[in-house]
There are 2 protein chains.
Amino acid sequence: MADQPSTGPVAGTPEDANHAPETSPLAPDLSIGEVRRGQKPGTRYVRVTRASERPFLRQGATRWRATLAAERPTSGVGKFMATVRRTLFGEPIASSNSLEERLTKVKALAVFSSDALSSSAYATEEILLALVLAGTGHLNVGLPIALAIIALLTVVVLSYHQTVRAYPKGGGTYSVASENLGRWPGLFGAASLLTDYVLTVAVSISAGVLAIESAIPSLGPARVPIAVGAVIFMAAINLRGVREAGSIFAIPTYLFIIGFGGMIVVGVSRLMLGMVPGASLAHSAPPQATVEATHAFTVFLVLRAFSSGSTALTGVEAIANGVPAFKPPESRNAAITMTWMAVILGVLFSGATLLAVRLGIVPHEGESVISQIGRLSFGGENAAYYYLQATTALILVLAANTAFNDFPRVGSILAKDEYLPRQFAFRGDRLAFSFGIVVLSSISVLLLIVFRADTHLLIPLYAVGVFIAFTLSQFGMVKHWQRVRESNWRRSATINGIGAVMTAIAATVIAATKFMSGAWIVLILIPLMVLVLNSIHRHYQSARKQLVLADGPMRLRLTMTADRPVIVPVSELNFATARAVAYARGLSTNVTALHVVTEEGEDTTEIEEAWQERYPDTPLIILESPYRSFQAPFMAYIDALTVPPDVPLTIVLPEFVAARWWQGFLHNRTANRLRDALYRRPNTVVVSVTQQLA
Amino acid sequence: MADQPSTGPVAGTPEDANHAPETSPLAPDLSIGEVRRGQKPGTRYVRVTRASERPFLRQGATRWRATLAAERPTSGVGKFMATVRRTLFGEPIASSNSLEERLTKVKALAVFSSDALSSSAYATEEILLALVLAGTGHLNVGLPIALAIIALLTVVVLSYHQTVRAYPKGGGTYSVASENLGRWPGLFGAASLLTDYVLTVAVSISAGVLAIESAIPSLGPARVPIAVGAVIFMAAINLRGVREAGSIFAIPTYLFIIGFGGMIVVGVSRLMLGMVPGASLAHSAPPQATVEATHAFTVFLVLRAFSSGSTALTGVEAIANGVPAFKPPESRNAAITMTWMAVILGVLFSGATLLAVRLGIVPHEGESVISQIGRLSFGGENAAYYYLQATTALILVLAANTAFNDFPRVGSILAKDEYLPRQFAFRGDRLAFSFGIVVLSSISVLLLIVFRADTHLLIPLYAVGVFIAFTLSQFGMVKHWQRVRESNWRRSATINGIGAVMTAIAATVIAATKFMSGAWIVLILIPLMVLVLNSIHRHYQSARKQLVLADGPMRLRLTMTADRPVIVPVSELNFATARAVAYARGLSTNVTALHVVTEEGEDTTEIEEAWQERYPDTPLIILESPYRSFQAPFMAYIDALTVPPDVPLTIVLPEFVAARWWQGFLHNRTANRLRDALYRRPNTVVVSVTQQLA
């Protein structure tokens, strides 16, 4: 049956083209029944028995498309690694399947707001922690500070409404700033954002672990391992490519809103009903504990409390980045969702701060302020309290997901603009920007370990970057409106202008008040990153310029003649060197073999005689190396040859390839180092004739 | 002057041959005035102006000898590294300068005995530490145990006298055991010795640091850094190649003998003169401290004390290894020196143990027993005491030098027999076996860190290996005498036989009594090492077998025709790829370029049109990769080509070489991985056409 000429049903099918004989160019032969890639004793090939196993589909005379069969590794280790990867991250996804799901407002709120909303879980605590330095008597000031932050939030959200309207395809800081303000502000914005995304992961995860620790104190010593495990878990999910999957994130976000909102409703009700001794909505209860002042109550202290609390605004820009993910009309839906988010965040944050102040809560080590509010509001460690802690921990960990979405995306945009290595722009098996995900999680893990997953140590580094990015983005928008001059442009420009000035002031306050306690690190890091981004860009540009193809073969410095000079290093006359010599003699009529004598007193008569017998027309040079080194005399020898500058010098290297990794240590150390040295030599071509060992 | 033809004094000198014109083979042009290797703006060449700068001297028609000028690196980094190396380790030494200094008996005693003699600084303490477990009441038993060890020492030394006589060229355990007992006992002996050399370094250095700490207790916390520093210092000295330099080692060894001997003389005198209250040569003083028994006084405890003390015998074999270093008559001088060594060791060890017991010394943490004896004998912490501590510390550190001599030497012998990687057999710049030195110091440093440079933790691992090696060596000698049957062979065989049995019993006792406290590690490690040595050997043998050159070109699987198949992967049409294509087209008439489309929707018309215009006769294949990978479809494509098995497939890779290391991250990640994959593919030749970026 298989031997009969295939007529009838097979002819005319799309696979038919694969049977067309092809002589030039070198084209794969994919007839069914052919022996092809895979593992088989003694060979690397298996028989292709079904059309579905063909690694290629013909698309045209010189055009082919690879199939999943071409992705199949052929070696044992490769197969094992592939199985591990498929199990952890799933089957590869073809590029053509990269349609993105559009989000309803309900799902979008959950996806984009987890970062912003989750900050209500720690912003209040950070304000109180700053104020408590002046003793427990001044904790009341937390309330006006929270209101000031909410005012700032309003300004920022109104300002971002303009961005969403102007950039329906996504108005990230880097795009807006570089488009309107130029390259350097764009790079500063990008560097600020990248820094802050890393901190988002570290801070959110640390705060999430603290929420767990507040409910289950015995987990305290395992804080860092739990935090690192959470980062790895987030990285694995994101490497699987479950990006912006609304349904996964919708549930925890709404569960958190219910729990946190419930706490505020119950707490405020109890205050109104006079169920808290000595406290009402207008009067605070006596402090739960008394802390002596270690610092005078100054303007600086208030500003520092404001700075710490302004972390509540981080994550607000997420919706502006993600406008294209909304169902049409994208801009309108995004703006509405942003308003919802701001309102919810405002209520949660101000409610929590109000309760904290009125209930007389004093921040202390080992239990979060929210946990204390929860216990007092719900009247003890009951089911409601544990629900609150669980959903808070969950949303804090999920908040890191915003960074896992945005860091690799910003990274890929920078890589496409050649400010970051190209790896950042490659989409992996599962269409995720794998490299960015791995980089983000590695740096976060490092931060978590160095700062012992302690939110209070990380917070001073946080928010500076976000406010720099806010400021650059809003100033960019002002420029945008001045440039575009649409109807109502003056109004939009004014709103963005106010936003820019407010965020600039906030950024200055934050940088100044947190400078000594950690912000200086970020303020040094961001300009450094800008310099790195810029030098990467300069390198790529310079490389591109050097690689521009001029006309005429002379500039290539490659004159190819039959007697081009070829050198073969020969240690002994064996199968591998004989293959190299045979290949070299096939390349040129001008082959010289070089034997470096590294051992004093080595008798070379044997190799010289054997050589003379086998290759009488190829000279063998004996090079004595009295200092026993191989590479230095070899390089010096070829440097001293008189080869015209446009003639490439070809070095044919005989190389063993060991079957197992450890065997690699037993061979080729010399060959590998020589190869590296030859690569750095101009107009030198290295030909590796390999010999695989069983 | 320089332009004139060189006549007169220059003609006829040995350098004259360098001026001879040479057309084939490719020979260096070394005329004075030629521009040659080195650094010069824009080129890699400098002008050779003096004959002494010539990198090569002609030795014959096809034979050259490299000079120190050929060792000179040409790149900036290379020059810097070379300067650092020269400063630390000195100028390279030519192989022809490797004459070894012969040692007088006085120098030889110092060189070879530092290891053995230094063990008297800790052997007594180890015995007492074992006995004190049964309380301070049984410390007296230390004396008979020391005498038993000295009896064993006598047997071993008499036994080694026979070895020295039979192997005037050096009777190391590996040589004697493998020659007489076969391969496996030889490997066991070698593995035991290598293990013990590493422990010698760790134990001696730890004990040396303890001697320093006993005198200056404030250095306690810096114990591990000091120990690691000492190892690095020893490694540096040995990398300099100051091997067996008698004069360096003679002085500290004799200073130690004077100090330690003086302590014994003074101490014994004071005992005899009744200057120690309640003690004489026959009666012990009451213990300095009372320690409650935590363990019953059993036979096991006594045997364990014996095992701990038997470390005194380590290093005894050093003279047998080094017979050829003695002045003639080598064997006789070596035997005499060995006797001296045994007598001195016996006196120092038994004297120290006698004093320790009679002075009622109790071992405790933080001060060595010798330090306690010294203080009591010399009557306080006076100059004599500090002299004792200083010379003890010095000899203990220098004792490690025996291991630094022997480990690399045994390693090089094993490497020559193909049981260890070849690197062990290479002599470095300074003729030292650099690789062995680096391996020894790395493992020792690791041990010192893991065991916190604590002698007592390391001692249980020690001595087992030495006694296994002793046993194998002595049994080998018995076989040797049975084989050779010289005059008096029965007597020699009997002596070696007694030695073998005694050391075998000692090895068993040591292994059994120290098993739980650490010897099990060594008893697992040694067989594991033997397996590793053996599999390295099997690999080298198998590689050699595979590389045997059969006759006929068919087995080479290399049919070289003008239309050999060549594939060039082309990402874009630039200078680097154009060079690669030009080289490929010079190689063959059958070149195919392959462009892998990794980005969905990439428009390939531009590259296809530019290609068609530039290389109309070389086909460009477009290979779509829907899963965005480059390597898998590329490999699958070449796997699916129908190439006859004896025709090599040539892949020409265009490669960028970045000027700085960090730029390497920005290029070539794909090319490097592809190259690795191609190396593993049978009958595939990889041609790297490099393009250096400025």
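User: What makes a residue buried, exposed or partly exposed here?

Analyst: A residue is called buried under 20% relative accessible area, exposed over 50%, and partly exposed in between, computed with a 1.4 Å probe on protein chains only. The model is a predicted one, in which local features need pLDDT of at least 70 and side-chain atom pairs count only at pLDDT 80 or more, while totals for chains, interfaces and linings use all residues. Residues are numbered from 1 along each chain as its sequence is written, chains are lettered from A in the order in which they are written, and side-chain values use heavy atoms, with hydrogens and water left out.

User: Why is A:Arg63 called partly exposed?

Analyst: The relative accessible area of A:Arg63 is 21%, and partly exposed is the class between under 20% and over 50%, so A:Arg63 counts as partly exposed.

User: Is B:Glu624 buried or exposed, and how do you know?

Analyst: B:Glu624 has a relative accessible area of 11%, and because buried means under 20%, B:Glu624 is buried.

User: What makes the pair A:Arg63 and B:Glu624 a salt bridge?

Analyst: A salt bridge requires a side-chain nitrogen of Lys or Arg within 4 Å of a carboxyl oxygen of Asp or Glu, and the side chains of A:Arg63 and B:Glu624 meet at 2.6 Å, N to O, so the pair qualifies. A:Arg63 lies in strand 4 of chain A and B:Glu624 in strand 7 of chain B, so the pair joins two chains; strands here are DSSP runs (E, at least two residues), numbered from the N terminus.

User: Which residues are linked with B:Glu624 in a network of salt bridges?

Analyst: The network links A:Arg63, A:Arg65 and B:Glu624, since A:Arg65 also forms a salt bridge with B:Glu624, the closest N and O atoms being 2.6 Å apart. A:Arg65, at 34% relative accessibility, counts as partly exposed.

User: How do you know that strand 4 of chain A and strand 7 of chain B pair?

Analyst: Two strands pair if DSSP finds at least two bridges between them, and strand 4 (residues 63–66) of chain A and strand 7 (residues 620–624) of chain B have three bridges, in the parallel sense. Within this pairing, A:Trp64 stands opposite B:Leu623.

User: What makes B:Thr353 and B:Thr124 a polar contact?

Analyst: A polar contact is a pair of N or O atoms within 3.5 Å, where, within protein, one must be able to donate a hydrogen and the other to accept it, and residues adjacent in sequence count only if both atoms are side-chain atoms. The side chains of B:Thr353 and B:Thr124 make such a contact at 3.0 Å, and B:Thr353 is buried, with a relative accessible area of 1%.

Notes
Helices (H or I, at least four residues) and strands (E, at least two) are DSSP runs, numbered from the N terminus.
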